[in-house]
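User: Please justify the labels attached to this structure by setting each value against its definition.

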Amino acid sequence: KSSRGKMKMETYIVTMYAKKDHAADVQQYYQDLQNMYEEASGFISRKIFRAKTGAMEQAVKATYSEEELANTPEEDHDHGEHFVMIEEWESIQDRINFGRSMSKKHHLKVIPYLLPNHSHEFYESI
């Protein structure tokens with residue numbers, strides 16, 4: 001989208017954990033919204049990432065000895081499938097308007113599949 005020049009852009013990042021048996025449902029829900037995003041005023045782009053759960057742990061265990069790992073406690077975290085969604089919008093208000101355009105019923109479709117811990121905020125590049 002280089003034709004947009006040096007237009008100001010807002011980055012909105014959502015992180016969430018799907019319940020272990022519902023990661024595919026969460027993935028499908030967010031993929032199915034793509035057409036709504038494409039039609040939204042001010043929408044620029046969106047990327048969805050789904051963690052390769054366990055890949056880092058396996059790599060660390062394969063790389064470090066048991067002695068090296070012995071005194072390394074596991075970090076406390078949610079034990080679900082982690083998702084990160086990065087959206088770019090022309091303005092914060094465009095993203096807010098998009099969220100408001102979806103019915104509460106639509107939002108509630110995904111809630112049963114998620115663990116409570118999540119975040120959503122606008123970010124600036126540093």
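Analyst: The following exchange takes the labels in turn, beginning with the basis of the values. This is a predicted model, in which local features need pLDDT of at least 70, side-chain atom pairs count only at pLDDT 80 or more, and totals for chains, interfaces and linings use all residues. Residues are numbered from 1 along each chain as its sequence is written, and side-chain values use heavy atoms, with hydrogens and water left out.

User: Why are strand 2 and strand 3 said to pair?

Analyst: Strands are DSSP runs of E of at least two residues, helices are runs of H or I of at least four, and both are numbered from the N terminus. Two strands pair if DSSP finds at least two bridges between them. Strand 2 (residues 43-50) and strand 3 are joined by 7 bridges in the antiparallel sense, so the criterion of at least two is met. Within this pairing, isoleucine 48 stands opposite methionine 85.

User: Why is serine 45 called partly exposed?

Analyst: Buried means under 20% relative accessible area and exposed over 50%, with partly exposed in between (1.4 Å probe, protein chains only). Serine 45 has a relative accessible area of 25%, and therefore counts as partly exposed. This serine lies in strand 2.

User: What makes the link between serine 45 and glutamate 88 a polar contact?

Analyst: The term requires a pair of N or O atoms within 3.5 Å; within protein, one must be able to donate a hydrogen and the other to accept it, and residues adjacent in sequence count only if both atoms are side-chain atoms. The side chains of serine 45 and glutamate 88 are joined at 2.7 Å.

User: Why is the pair of tyrosine 37 and tryptophan 89 called tilted?

Analyst: Rings of Phe, Tyr and Trp (its six-membered ring) pair if their centres lie within 6.5 Å; planes under 30 degrees apart count as stacked, over 60 as edge-to-face and the rest as tilted. A search of the whole structure finds 7 aromatic pairs. In this one the centres are 6.1 Å apart and the planes at 45°, so the pair is tilted. Tyrosine 37 lies in helix 2 (residues 34-39) and tryptophan 89 in strand 3, so the pair ties together parts 52 residues apart in sequence.

User: How do you know that tyrosine 37 and tryptophan 89 are buried?

Analyst: Tyrosine 37 has a relative accessible area of 1%, and tryptophan 89 has 0%; both therefore count as buried.
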